[in-house]
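Subject: Handover of a protein structure

Dear colleague,

Please find below the sequence and structure that I am handing over to you. A summary of what was found follows directly after them.

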Amino acid sequence: MKKILLLALAILGFSYAATAQEISENAIGLRIGDNDGFGGEISYQRALGSNNRLEVDLGIRSGNDYDGFKLAGLYQWVWQLEGNFNWYAGVGGGLGNYSYDLPAPFKDESETFIFAAGDIGIEYNFDIPLVLSLDARPELGFGDFRDDLDFDIALGIRYQF
C-alpha cells in the first residue's frame, strides 16, 4: 500500500512540475546543424498547450548542379529543469526532395523521400524574447537518397513572440 501511495504522489508531483512552466506561444528562427547536406533550417515553433508544442523546420539547399529541400514536423513535450532551462523530447517526421543536374551523357536524377524523426534537447530562455537550444535528432529515411538512420545535432536560435 505504501508503494502505491508513493507512486501516486510521485506521478502527481511530476505532473505538476511538467505543467509548472510556460513556453512561448510562437518562436521563429534558425536551427543550424549538418542537416544531412541541407545546411541550416528555418524553424517555427507553436505552443499547443502549457507544456507541448509543434515545431516545423524547412531546410533548403542549392548548388551549381543540385537542388533540394527537407520539411520536418515534430510534436514536442517540454519540461522545466531549473530557472530558465527547459528540456524537451518529441517525435515526428517529414519529407524532402533532392535533384541532380548531371552533365551529359548522364541522366538527371531526382527523388522524393520521407522520414521518421525523434528529437531530444535542452533550451535556455533569456529574459529578452530569445531562446537558444541544442538538440539531437535521429532520422530514419525511406527512399533511395535517404534509406538509413541519420543523426543530426543542431544549435537553434529563435525569437519568441
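The term pLDDT stands for the predictor's confidence in each residue, on a scale from 0 to 100. It applies here because this is a predicted model. The protein has a mean pLDDT of 85, and 84% of its residues reach 70 or more.

Confidence and its limits

Confidence is lowest in helix H1, residues 2-18, where the mean is 48. Strand E2 stands at the other end, with the highest mean, 97. Over residues 5-9 the pLDDT falls below 50, and this stretch has 0 contacts in the model beyond near neighbours in sequence. A further stretch, residues 14-20, also stays under 50. For residues 14-20 the model has 6 contacts beyond four places in sequence. Where pLDDT is low, the predicted coordinates should not be read in detail.

Overall architecture

The secondary structure consists of 1 helix and 8 strands. Read from the N terminus, the order of elements is α-β-β-β-β-β-β-β-β. The protein has 161 residues, and 37% of them are buried. Among contacts with a separation of 6 or more, 51% join residues 24 or more positions apart. The accessible surface amounts to about 9400 Å², and carbon and sulfur atoms account for 67% of that area.

The cavity

How many cavities of 30 Å³ or more does a search of the whole structure find? The search finds 1. The volume of this largest cavity is about 100 Å³. Its lining comprises 13 residues, and those nearest the centre are Ile23, Ser24, Ala27, Gln45 and Arg53. Two elements give two or more residues each to this lining, namely strand E2 (41-47) and strand E6 (109-125). The largest share comes from E2, with 3 residues. By character, the lining of the largest cavity divides into 4 nonpolar, 5 polar and 4 charged residues.

Two buried residues in strands

Phe115 is located in strand E6. Its relative accessible area is 5%, and Phe115 therefore counts as buried, the cut-off being under 20%. Leaving out residues up to four places away in sequence, Phe115 touches several parts of the chain, including Lys70, Leu71 and Ala72, then Gly93, Gly94 and Leu95, and also Glu139, Leu140, Gly141, Phe142 and Arg146. The C-alpha atoms of Phe115 and Leu71 are 9.8 Å apart in space, while the two residues are 44 apart in sequence.

Ala136 belongs to strand E7, residues 130-142. Is Ala136 buried or exposed? Ala136 counts as buried because its relative accessibility is 15%, which is under the 20% cut-off. Not counting residues up to four places away in sequence, Ala136 touches Gly118, Asp119 and Ile120, together with Phe151, Asp152 and Ile153. Between the C-alpha atoms of Ala136 and Ile122, 14 residues apart along the chain, the separation is 9.5 Å.

Two residues in loops

Asp34 sits in the loop between strand E1 (26-33) and E2. With a relative accessible area of 44%, Asp34 is partly exposed. Leaving aside neighbours within four places in sequence, Asp34 is in contact with Gly39, Phe151, Asp152 and Ile153. Phe151, Asp152 and Ile153 also appear among the residues that Ala136 touches. Asp34 and Phe151 are 117 residues apart in sequence, yet their C-alpha atoms are 9.2 Å apart in space.

Asp127 is placed in the loop between E6 and E7. Asp127 is exposed, because its relative accessible area of 78% is over the 50% cut-off. From Asp127 to Asn84 the distance is 8.4 Å, C-alpha to C-alpha, although 43 residues separate the two in sequence.

When you first open the model, I would suggest keeping in mind that helix H1 has the lowest mean confidence in the protein, at 48.

With kind regards

Terms used. Residues numbered from 1 in each chain as written. Predicted model: local features only at pLDDT ≥ 70, side-chain atom pairs only at ≥ 80, totals over all residues. Heavy atoms only, no water. 1 Å grid on protein atoms, 1.4 Å probe; cavity = no way out; pocket = protein on both sides within 12 Å on 5 of 7 lines; lining within 4 Å. Points joined across faces, edges and corners; volume = space filled by probe spheres on them. Helix = DSSP H or I, 4+ residues; strand = E, 2+ residues; numbered from the N terminus. Nonpolar A, V, L, I, M, F, W, Y, C, P; charged D, E, K, R; others polar. Contact = heavy atoms within 4.5 Å. Buried < 20%, exposed > 50% of the residue type's maximum accessible area, 1.4 Å probe, protein only. Areas by Shrake-Rupley, 256 points an atom, 1.4 Å probe, with all protein chains shown as cover.
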